[in-house]
Amino acid sequence: KTQDLPDRGLPEKSLGEPAPVPRDDCGSIRVTKEGSKALAIGFALAVMVAAIPLLAYILDVLRVIIHETGHTLTAWALGYPTIPQMRSGGGLSLSLSRPKLMVLILFFVLGKLLYDAFRKNRLRAVVTTGAALYLLVAFTDLRFLLITSMGHLAEIIVGSVFFYRAISGKAILHPAERPLYAMVGFFVFGANYVFVGRLLGGSDAESEYREGFEGQTHDLVRI
């Protein structure tokens with residue numbers, strides 16, 4: 001004999017469905033009470049981490065990984081096989097010369113994207129414009145500028161994404177992640193702020209930076 005289970009009053013919305021991002025009348029992300037709390041806790045945690053050398057070192061290693069990943073992914077996307085390396089005191093991304101095989105692969109991928117866009121009549125203008133800009137960068141000296149710039153830009157992008165997750169609560173599994181994302185975001189931006197401040201302060205940091213690292217010229221010197 002079967003027996004109907006009682007209605008538990010469960011919401012129709014799936015528990016795994018993400019909550020909508022709060023926005024104001026202009027469409028901008030609205031900082032809720034939970035978002036402000038996450039930012040405040042994250043800032044306090046970032047200050048505490050920065051004051052403890054071991055914790056600061058751990059987060060700085062994460063920042064260096066983000067930095068070198070930006071160089072590496074950009075270089076590979078432009079056809080340069082690149083290997084990131086962690087060294088004592090920093091990181092390096094060692095790029096090889098661009099082989100002809102990589103150039104053929106790049107043209108094949110671009111051709112496939114253009115073919116699909118025109119065959120399906122979808123986003124033709126966007127894909128064509130993107131392909132033209134890519135070729136302009138990939139086969140001019142702009143490629144070196146982009147690869148060099150994407151170290152610090154990667155830090156800014158990732159830090160901004162972390163702030164977005166902390167403020168909006170988007171793409172998180174547990175509420176405790178929000179202040180942690182904010183902490184890393186504050187640490188990354190704070191490290192860059194201190195770095196730029198030291199370079200502009202006229203101290204010995206500028207001369208040390210110009211000397212390079214492990215025989216390699218630093219990013220801002222190249223730019």
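Guide: Let's start with a term: buried means under 20% relative accessible area, exposed means over 50%, and partly exposed is in between (1.4 Å probe, protein chains only). This is a predicted model, where local features need pLDDT of at least 70, side-chain atom pairs count only at pLDDT 80 or more, and totals for chains, interfaces and linings use all residues. Residues are numbered from 1 along each chain as its sequence is written, and side-chain values use heavy atoms, with hydrogens and water left out.

Visitor: Why is Phe189 called partly exposed?

Guide: Its relative accessible area is 33%, and partly exposed covers what lies between 20% and 50%, so Phe189 gets that label.

Visitor: And Phe163, buried or exposed?

Guide: Buried, because its relative accessibility is 17% and the cut-off is under 20%.

Visitor: What makes Phe163 and Phe189 an aromatic pair, and a tilted one?

Guide: Rings of Phe, Tyr and Trp (its six-membered ring) pair if their centres lie within 6.5 Å; planes under 30 degrees apart count as stacked, over 60 as edge-to-face and the rest as tilted. Here the centres are 5.6 Å apart and the planes meet at 40°. Phe163 sits in helix 5 and Phe189 in helix 6, so the pair ties together parts 26 residues apart in sequence. Helices here are DSSP runs (H or I, at least four residues), numbered from the N terminus.

Visitor: What makes Tyr80 and Phe144 tilted?

Guide: Their planes are at 50°, with the centres 6.2 Å apart, so that pair is tilted too. Tyr80 is buried at 10%, whereas Phe144 is partly exposed at 39%.

How values were computed
Helix = DSSP H or I, 4+ residues; strand = E, 2+ residues; numbered from the N terminus.
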